[in-house]
Amino acid sequence: MTANSANTSASIFRLSPLIRITLLSLYLALTVPLPFLSQVTAAPVPPELLWVGISIGFVALYAVLTERVMIDDQGIQVTYPTWVPRLFRKGWSLPWSQVKELKPRTTGQGGLVYYFLSQEGKAYLLPMRVAGFARFVQIVQAKTGIDTTDVRPLAQPWMYLILLGFTLLLLLVDGWTIATALAT
């Protein structure tokens with residue numbers, strides 16, 4: 001395939017629903033019991049303030065998880081919906097003609113991430129948690145001519161399934177905690 005022979009229409013890739021559901025559920029499992037525990041223990045932080053903080057945090061996390069990757073014949077663009085403040089999450093765009101190479105880098109946890117390097121030497125993180133990742137990297141390969149056969153997602157779906165399973169167990173414990181707190 002040549003560098004410009006991939007599908008000619010625009011494609012939008014969103015964050016995987018499994019990742020989004022897992023992270024939002026984990027956030028709720030970790031935070032929802034706090035106002036109940038605050039009330040039962042007569043903590044100095046009022047439960048109402050905790051509810052406000054939890055709500056703001058949930059909206060902020062949801063905003064981060066609304067990332068979209070748009071690919072068309074001109075280039076790749078990472079965007080967020082208009083309701084997400086630009087100061088909070090900035091996107092980026094890179095024309096295909098400016099892509100020099102795809103460079104792997106190891107993370108602090110031993111994982112492998114990839115960066116697009118532009119002709120000017122700027123680095124742009126390859127989105128690795130999108131649904132349809134295999135199709136995404138095929139389009140990148142077709143548009144840039146860069147071999148992406150070794151590019152794999154940062155985390156495999158089974159890892160998020162395990163995390164989701166433990167999160168559901170934590171939610172059960174939360175239910176028991178909240179019921180106990182309300183009964184006292």
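Guide: In this predicted model, a helix is a DSSP run of at least four residues in state H or I, and a strand is a run of at least two in state E, each kind being numbered from the N terminus. On that basis the protein chain has 5 helices and 7 strands, and along the sequence they follow the pattern β-α-α-α-β-β-β-β-β-β-α-α.

Visitor: What makes α2 a helix?

Guide: Helix α2 runs over residues 33–41, and a helix needs at least four residues, so α2 satisfies the length rule. Just after α2, A42 takes a positive phi of about 55 degrees.

Visitor: Which residues of α2 are buried, and what covers them?

Guide: The buried residues in α2 are P33, P35, F36 and S38, where buried means under 20% relative accessible area. Their cover includes α1 (17–31), α3 (47–64) and α5 (157–183).

Visitor: Why is the pair D73 and K143 called a salt bridge?

Guide: The rule asks for a side-chain nitrogen of Lys or Arg within 4 Å of a carboxyl oxygen of Asp or Glu; the side chains of D73 and K143 meet at 2.6 Å, N to O, so the pair meets the rule. D73 lies in the loop between β2 (68–71) and β3 (75–79), whereas K143 belongs to helix α4 (residues 133–144), so the pair ties together parts that are 70 residues apart in sequence. By this rule the count comes to 1 salt bridge.

Visitor: How do you know whether K143 and D73 are buried or exposed?

Guide: Each value is set against the limits, with buried under 20%, exposed over 50% and partly exposed in between. K143 has 4% relative accessibility and therefore counts as buried, while D73, with a relative accessible area of 33%, is partly exposed. Over the whole protein chain, 36% of the 184 residues count as buried.

Visitor: How do you know how the protein chain stands against a compact globule?

Guide: A compact globule of 184 residues would have a radius of gyration near 16 Å, but the protein chain has 21 Å. Taken along the principal axes, its C-alpha atoms fill a box of roughly 70 × 35 × 30 Å.

Visitor: What makes up the lining of the largest pocket, by class?

Guide: A lining residue has an atom within 4 Å of a pocket point, and 19 residues line this pocket, E67, R89, L125, P127 and R129 lying nearest its centre. By class, the lining has 15 nonpolar, no polar and 4 charged residues, and the pocket's volume is about 410 Å³.

Methods:
Residues are numbered from 1 along each chain as its sequence is written. This is a predicted model: local features need pLDDT of at least 70, side-chain atom pairs count only at pLDDT 80 or more; totals for chains, interfaces and linings use all residues. Side-chain values use heavy atoms; hydrogens and water are left out. On a 1 Å grid over the protein atoms alone, a cavity is a set of points where a 1.4 Å probe fits but cannot get out, and a pocket is an open set with protein on both sides within 12 Å along at least five of seven lines; lining residues have an atom within 4 Å of a point. Grid points are joined across faces, edges and corners, and a volume is the space filled by probe spheres set on the points. Ala, Val, Leu, Ile, Met, Phe, Trp, Tyr, Cys and Pro count as nonpolar, Asp, Glu, Lys and Arg as charged, and the others, Gly among them, as polar. Buried means under 20% relative accessible area, exposed over 50%, partly exposed in between (1.4 Å probe, protein chains only). Contact means heavy atoms within 4.5 Å. The radius of gyration is taken over C-alpha atoms; the globule rule is 2.2 Å times the number of residues to the power 0.38.
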